[in-house]
Amino acid sequence: MKKVIIFLLVILFLTGCNSNQKNVLNVLNWSSYIPDEIIRSFEEETGIIVNYGTYSSNEELLAKISSAKSGTYDLIFPSDYMVELMKDRNLLEKMDMNQLEHAKNIKSEFLGLSFDPNNEYSLPFLGTTIVIAVNRDHISDTIDSFNDLLNESYQNNIVLLDDQRIVIGMANQALGYSLNDTDDTHLEDSKNWLLRLKKNVKAFDSDSPKTFLITNEVDIGVMWNAEAALALQNNPNIEIIYPRENSALSLDNYAIVKGAKHQENAYRFIDYLLQPEVMKQIVEEYPYINVNQETEKILDESYIDNPAANIPEEIIDRAEMVQNIGSHISKYDRLWAKIK
């Protein structure tokens, strides 16, 4: 009889463990992208526990997913070119739009883009572009181009993103080349341009470059628009500059990892975030480019009036999207190693 009781207890324990395992969602996302209160509200509403990890670059995300055991992660937020790369490497599941009631809220101009033409593997989450933020308390020079940042008086006074595609792309554009250029001669020019700029760079930081501006460690930052928007909220004398070069436009996306164990929970979380009121909370705390047409109708003035948050359409239209450059990425890797 004792053996039977022990056996039954073991079965109950294992059943309980399996039940608990079903009530989780393993997420990898950019840092400072979804407010903690949103995650807590989702957990309270659904009973699903969100295990939330972060990364600082698409390359870091790729490394984590490529090296992880199948089923380790469920939901990720890769940028445009990384969606295409991960799709080609069979790292993503196809999306089931039937499970996403609120997918209809996404603006049509952000759908059907070249990296995933039929949105089979991804859906837009947020957009971002690169701006120059300048503390006008300390700098009065005219700055309207990436090339202006080469000014020798700015030594050790600039923060750049720690993102090779964005920074090398910035150098390409400063020289009149494409953001996604792979020509060897052009990349050599960009390397030399960046070596000149490096003398002025105090730090490379993708997680919180705004902090360097807010604490007056630097007076100039080339950063994601939301980081600049938050810096401006802290100091109204920060000027937001859209560089006359095309700059970069990036779209981060919901995507489900191949072999994800909790796909149903992933869809519930995606659909939760697609609700207008939820996305309003997200973009007003982390003011990236809103891609939700229903959220646009209810945004507060604090977002609408911030030039680093509410990016003008003409700036978005002329920005160049980061693209998958295939095997040429090794050229960027080598160049980046010489810069960093």
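Begin by selecting helix α4, residues 80–88, where D80, Y81, M82, V83, L85 and M86 are buried. The model in the viewer is a predicted one. With α4 still highlighted, display its surroundings: the cover over its buried residues includes α3 (58–67), β3 (75–76), α5, β9 and β10 (320–321). Then step just past the end of α4 to N90, whose phi is positive, at about 60°.

**The α5 and α6 pair**

One of the elements covering α4 is α5, and this helix leads to the next stop. Select α5 (residues 164–174) together with α6 (residues 184–198); the two pack with their axes 9 Å apart and at an angle of about 105°. Because angles of 65 to 115 degrees count as roughly perpendicular, α5 is described as roughly perpendicular to α6. To see the contact itself, show the side chains of V167, I168, M170, A171, N172 and A174 on α5, and those of L187, S190, W193, L194 and L197 on α6. Coloured by class, the residues of this contact comprise nine nonpolar, two polar and no charged.

**Helix α10**

Move next to α10, residues 276–285. Its buried residues are P276, V278, M279, K280, I282 and V283. Around them, select α2 (36–46), β4 (123–135), β9, α9 (263–273), α11 (293–296) and α12, against which the buried residues of α10 pack. Strand β9 thus appears again, having already been named among the elements that cover α4.

**The largest pocket**

Now turn on a pocket display. The largest pocket has a volume of about 460 Å³. Which residues of its lining lie nearest its centre? They are K107, F110, I289, E313 and I316, out of a lining of 22 residues. To relate the pocket to the secondary structure, select β9 (248–256), α12 (301–304) and α13 (313–318), each of which supplies at least two residues of the lining. Colouring the lining by class gives 13 nonpolar, four polar and five charged residues.

**The loop at N23**

Finish at N23, in the loop between α1 (2–22) and β1 (24–30). Is N23 buried, partly exposed or exposed? Its relative accessible area is 35%; since the partly exposed class lies between 20% and 50%, N23 is partly exposed. Draw a distance from the C-alpha of N23 to that of G47: the two residues are 24 apart in sequence and 6.8 Å apart in space. Leaving aside residues up to four places away in sequence, N23 touches G47, I48, I49 and N265.

Conventions: Residues numbered from 1 in each chain as written. Predicted model: local features only at pLDDT ≥ 70, side-chain atom pairs only at ≥ 80, totals over all residues. Heavy atoms only, no water. 1 Å grid on protein atoms, 1.4 Å probe; cavity = no way out; pocket = protein on both sides within 12 Å on 5 of 7 lines; lining within 4 Å. Points joined across faces, edges and corners; volume = space filled by probe spheres on them. Helix = DSSP H or I, 4+ residues; strand = E, 2+ residues; numbered from the N terminus. Nonpolar A, V, L, I, M, F, W, Y, C, P; charged D, E, K, R; others polar. Axes fitted to C-alpha atoms, helices over the stretch in contact; angles between N-to-C directions. Parallel < 35°, antiparallel > 145°, perpendicular 65-115°, else oblique. Contact = heavy atoms within 4.5 Å. Buried < 20%, exposed > 50% of the residue type's maximum accessible area, 1.4 Å probe, protein only.
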